[in-house]
Amino acid sequence: MSSELEVATHEFEREKAKLLRDISSLQKENYQLKIEVQIEKSKTMKVQKEAEIVRNDIRDLHLENKKLRNTIKNSGLGNSSVEWKEETSNIKGGMEFWKGKAKKEKEKAARAMIKLRKKTAEYETVSAEFVTSQSKHQELRGKVRDLENTLQAQQQQLDNLLKALEEKNSQYDRDTHAYERALQEKEMQLGFLINEIRKAAMHVVQLSDEAEVLSCQFPPSQRSSISEFLE
């Protein structure tokens, strides 16, 4: 159980480190995309401002042209028709120039908007991936909490088993000391009994010798009965 938990813990640490690296990379990409989006927005705003200036210039040019036409019409004076045609041609050329420039700026702004939309879509995709990674990270955290709870429960059981084992070892030591004391007492008693038996045996041998000596003092006819009596 301990080795499986260690393997699971190491596996989680590797997954966690990998996920943190992925999150860091996504955050860097997200930050870079934000910077690019801001840059594109700034460019787009700049283009829009320039287009607005061009439109204002064209409107002012139209107003000036209209005022000039009205002035010429009302005064009846001025340059010759050729000169007026040339000036009108110049004015028209300027108008065409500004219209062309405004058209180019509009096209540039449209391309910038397309690029901005593309970057925005990429940013949304990265954000979705980041949210998915966050959910996976939360799931891994839940698994880690479950593993930690299981590990804590197993550790508590192991502590209880170790405590019970220590109590049993203490009881075994107490019983062993008690058995040793009882064995020593038994050995002492046995030694005392052996000494008593030896004394009794020596006494019996002595009595047997004395009986043999006594039996020799009786006539042969009485020795058998005396030996039986002694036995």
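In this predicted model, Lys 43, Lys 46, Lys 108 and Arg 111 come together as a positive patch on the surface. The patch draws on two helices: α1, spanning 2-75, and α2, spanning 81-216, each contribute at least two of its residues. Arg 111 is a handy residue to look at here, and its place is in helix α2. With a relative accessible area of 53%, Arg 111 is classed as exposed, because the cut-off for that class is over 50%.

A surface patch of another kind is made up of the nonpolar residues Tyr 31, Ile 35 and Ile 39. Taken together, these three side chains offer about 290 Å² of accessible area. Tyr 31 belongs to helix α1, and its relative accessibility of 56% makes Tyr 31 an exposed residue.

Glu 40 gives a useful contrast to these patch members. Glu 40 also has its place in helix α1, but at 8% relative accessibility this residue counts as buried, because buried residues are those under 20%. Leaving aside residues up to four places away in sequence, Glu 40 touches Ala 112, Lys 115 and Leu 116. Readers following along in the structure can thus find in helix α1 both the exposed Tyr 31 and the buried Glu 40, while Arg 111 in helix α2 is exposed as part of the positive patch.

Key. Residues numbered from 1 in each chain as written. Predicted model: local features only at pLDDT ≥ 70, side-chain atom pairs only at ≥ 80, totals over all residues. Heavy atoms only, no water. Patch = residues over 30% accessible without salt bridge, like charges linked within 9 Å, V, L, I, M, F, W, Y side chains within 5 Å. Areas by Shrake-Rupley, 256 points an atom, 1.4 Å probe, with all protein chains shown as cover. Salt bridge = Lys/Arg side-chain N within 4 Å of Asp/Glu carboxyl O. Lys, Arg positive; Asp, Glu negative; His and termini not counted. Charge placed at Lys NZ, Arg CZ, Asp CG, Glu CD. Helix = DSSP H or I, 4+ residues; strand = E, 2+ residues; numbered from the N terminus. Buried < 20%, exposed > 50% of the residue type's maximum accessible area, 1.4 Å probe, protein only. Contact = heavy atoms within 4.5 Å.
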